[in-house]
Amino acid sequence: LDLRAFLRIAAAEPEARWVIVQRDPRDCLLQLFAVGSGGLADPVAAAGRLGLQQSHLAAILALKHPNVRAVNFDVLQRDPNPSLQALGEWLGTPLPLTVWPELLKEGGGYPVYLPPQHWVAYAPELRAAFARCAP
């Protein structure tokens, strides 16, 4: 999500709610190449794109906008109930656990194959790329 687009949409739709699901960008980089790099063959270039996306998300979160919530993807995978309960309360609607396994399986449109912190195994080989997108 681009910060400029967020500001425009949030102004046009002030009642809109935004849920940002965060994951370690190094795991995102590995996932990107596991499912297809989207045309980016160079891990350092892909990491630069992820780093830019991370900076936009950080800027959005820094606004402390009342209609924005962030949840951690790894926490949701491990124990979804507390996060889903809090998110459901904020949204004003229950988020049943029965729906969450399907959402996790899809990972926002991409299958989730790699476990949290999988990037650590590739740290020596991808040091330069990880440096560009580290949290």
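**Exercise 1. Which residues make up the largest nonpolar core?**

Before we start: this is a predicted model, where local features need pLDDT of at least 70, side-chain atom pairs count only at pLDDT 80 or more, and totals for chains, interfaces and linings use all residues. Numbering runs from 1 along each chain as its sequence is written, and side-chain values use heavy atoms, with hydrogens and water left out.

Step 1. Pin down the term: a nonpolar core is a set of buried Ala, Val, Leu, Ile, Met, Phe, Trp, Tyr and Cys residues joined through side-chain atoms within 4.5 Å. Buried means under 20% relative accessible area, exposed over 50%, and partly exposed in between (1.4 Å probe, protein chains only).

Step 2. List the members: Leu29, Leu30, Ala46, Ala47, Leu50, Leu114, Trp119, Leu126, Ala129, Phe130 and Cys133, eleven residues in all.

Step 3. Map them on to helices: α2 (25–35), α3 and α7 (127–133) each supply at least two residues of this core. Helices here are DSSP runs (H or I, at least four residues), strands likewise (E, at least two), numbered from the N terminus.

Step 4. Look for another core: a second, separate one has seven residues, including Phe6, Leu57, Ile60 and Val68.

**Exercise 2. Work out why cysteine 28 and cysteine 133 are not bonded.**

Step 1. Recall the chemistry: a disulfide is a covalent bond between the sulfur atoms of two cysteines. The cut-off used is a pair of cysteine sulfur atoms within 2.5 Å.

Step 2. Check the distance: the closest cysteine sulfur to that of cysteine 28 sits in cysteine 133, 8.2 Å off, so it is too far for a bond. Searching the whole structure turns up zero disulfides.

Step 3. Compare surroundings: cysteine 28 is partly exposed at 23% relative accessibility, whereas cysteine 133 is buried at 1%. Beyond its neighbours within four places in sequence, cysteine 133 is in contact (heavy atoms within 4.5 Å) with Pro25, Arg26, Leu29, Ala47, Leu50 and Gly51.

**Exercise 3. Describe the setting of arginine 26.**

Step 1. Place it: arginine 26 belongs to helix α2.

Step 2. Classify it: its relative accessibility is 14%, so arginine 26 counts as buried.

Step 3. Find its polar partner: the side chains of arginine 26 and aspartate 24 are joined by a polar contact of 2.7 Å. That term covers a pair of N or O atoms within 3.5 Å; within protein, one must be able to donate a hydrogen and the other to accept it, and residues adjacent in sequence count only if both atoms are side-chain atoms.
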